[in-house]
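Please walk me through this model in the viewer. Tell me what to select at each stop and what is there.

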Amino acid sequence: MSDSLKPITMNVKRNTRPLSLYSTLLLVFVLLSTMDLAGQPGRKKTENWVAAWSTALQLVEPRNNPPSPGLTDNSLRQIVRVSIGGKTLRLKLSNEFSKSPVTMRSVQIAASAGRGAIDNSTNVKLTFNGNHEITLDPGGVITSDPVNFNLKPRMDLAITIYFGATSPDITGHPGSRTTSYIMAGNDVSVTDFTGSVPTEHWYVISGIDVLTRSSVSCIAILGNSITDGRGSTTDLQNRWPDMLAERLRANADTRQTGILNLGIGGNCVLRDCLGPAAIRRYRRDILSQPGVKWVIVFEGVNDIGQVRSADDAASVADGLIDAYTMMIDSAHAEGLKVYGATITPFRGNGYYNKYSETCRNEVNAWIRNSGRYDAVIDFDRVLKNPDDPESLVSSFQNDGLHPDTTGFRKMADSIDLTLFADKQTARQRSGKRH
C-alpha cells in the first residue's frame, strides 16, 4: 500500500462495524475547510442572495496557464451560463491559490453576443468597495458591489477583465468547456474580440449571485470530471448538470431552482489529487453557496481507481463512507437535503481491476442501503451496460470511464424532479389543501 493510502486508526463506530480509516485525516481536512472560509463572504440568511453560477477553483496546472500574450496588462473575456436570473447581481473573484498579488484595473459584465462578442448596450463596469481597480493579495477573495443587471435564466454572460500585474501561478478552473478570449492591451469595452487568443479555461472568476425572491434556491453538485463535463462539447453547455438545469427550468414546480456545477476533473475525495480534496473544499464550494437548498454528492471514482489490493479496497471504501457521512451530517446541520449518486462503472479503463470493482460495489451498496442520504440517484443503474454491468453502456472517449453526451442525457433525465420541487408551490398548483 502506498504511503498516501495508509490508514489512520481511531475508535469510531459506524452502525455495527468499526469505522476508523482516514478519520483523523478527515477531521483535519474539515477543520481546514472551515479555516479556509475566514474573510470570505458567507451566506446571509436575512438576504435573498442566491448563487446563479459558480465554479470550483484550484491552482491551475502550468500546462493550463493562460497562453501568450498572457494576462498581465491584457484583457480577458470569459463566458459563463447562469442557471437562474434576477435584476441585481454581484460577481466573486479569487486569488486563493496564487502566491503573488493580482491587479484588475477594470472588470465589466455584459450579455454575450456569441463567441468573443458582447451586446455593448448591456455592458456595466463593476466596483469593489467603491473602487474600479482592485488588487487581490495571495489567498484573497472579493465580491463586487451589487449592480443592476437584467440577468435572465440560462443567459450567457461575458465577464471582461483588464489586468495589471498578475501572478505566475494562477487561481482558476481548467475544465471550463467554454472558450475564453485574451486580447492584448486594454480592450474591456470592445464589442467584438476578433483577433483574440482563445483558451478553454476560466481564471480568477468564481461565482455570480443574484438578489431575488425567497422562493428561489439552488442545487450544489460535488463531483469530478464526469460532472465537470469531460466528454461534453465546448461552448454547447451540454454537461449533465446543464441538461438537468434545462429540465428544472421547463418544469413549473422547479423553474425557480438553479444548478451549481462544482466538479473538478481528476478530483479525489480523501486527498489532494487535482484540486483540493473534496472533504477539504466541501464547505467552501458547497455549504457556503448562498441560497443552496440541496446537495448532490457524486464523487469517489478517482479514489477507487487507485485501489490495487484487497487492503486498499477496504481502506478506501471505509474512507469514502466516513467522508460521505461527514458531508451528510454537515449539510443536515445547515438544514440542507443531501442526495447521494452511485459511482458509475469503469471496466475498460486503467482504474479497473477486481479490487477496485469490489471497492466500488461496497461504496455503492452503502449509498443505496445505508439510509443516510435523503435520497439516492442511481447513476450506476442508468449507465451500466446490461450485457456487462461492470462497464458503461457507451463512452465518448472509449476510455471506459467517461460517458458521452448521450450518457449525460440519460443521467439528467433519470433524476426525479420532485426531489427539488417546492412542495408548497406544488400543492398550490394542484389545488390540494392540508
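**Stop 1: the largest pocket**

Select Arg63, Arg177, Gly265, Gly266 and Leu274: of the 26 residues lining the largest pocket, these lie nearest its centre. Keep in mind that this is a predicted model. The space in the largest pocket comes to about 470 Å³. Now colour the lining by residue class. Five of its residues are nonpolar, 14 are polar and seven are charged.

**Stop 2: the open sheet**

Switch to a cartoon view and find the sheet of five strands. Across the sheet, the order reads β20-β19-β21-β22-β23, and the pairing is parallel. Which strands stand at the edges? Select 257-263 for β20 and 375-377 for β23. Each has a single partner strand, so one side of each is left without a neighbour in the sheet. Look at the twist next. On average, neighbouring strands here are turned by 25° against each other, direction ignored.

Zoom in on β19, residues 217-223. Seven bridges join β19 to β20, and the two run parallel. For one position to check, pick Ser217: Thr257 in β20 stands opposite.

**Stop 3: helices on the sheet**

Add residues 278-287, helix α4. This helix packs on the sheet and touches β19, β20 and β21, the last being residues 292-298. The direction of α4 makes about 165° with that of β19.

Then add helix α6, residues 310-333. Helix α6 lies across β19, β21 and β22, where β22 covers 337-341. Relative to β22, α6 runs at about 155°.

**Stop 4: Asp380**

Go to residues 379-383, helix α8, and select Asp380 within them. Is Asp380 buried or exposed? Its relative accessible area is 6%, so Asp380 falls under the 20% cut-off and is buried. Show its surroundings. Leaving out residues up to four places away in sequence, Asp380 touches Thr342, Ile343, Thr344, Pro345, Arg360, Asn364 and Arg368.

**Stop 5: Thr212**

Finish in the loop between β18 (205-211) and β19, where Thr212 lies. Thr212 has 14% relative accessibility; because that is under 20%, this residue also counts as buried. Which residues does Thr212 touch, not counting residues up to four places away in sequence? Select Asn48, Val50 and Gly85 to see these contacts.

Key
Residues numbered from 1 in each chain as written. Predicted model: local features only at pLDDT ≥ 70, side-chain atom pairs only at ≥ 80, totals over all residues. Heavy atoms only, no water. Helix = DSSP H or I, 4+ residues; strand = E, 2+ residues; numbered from the N terminus. Buried < 20%, exposed > 50% of the residue type's maximum accessible area, 1.4 Å probe, protein only. Contact = heavy atoms within 4.5 Å. Pairing = 2+ DSSP bridges. Axes fitted to C-alpha atoms, helices over the stretch in contact; angles between N-to-C directions. 1 Å grid on protein atoms, 1.4 Å probe; cavity = no way out; pocket = protein on both sides within 12 Å on 5 of 7 lines; lining within 4 Å. Points joined across faces, edges and corners; volume = space filled by probe spheres on them. Nonpolar A, V, L, I, M, F, W, Y, C, P; charged D, E, K, R; others polar.
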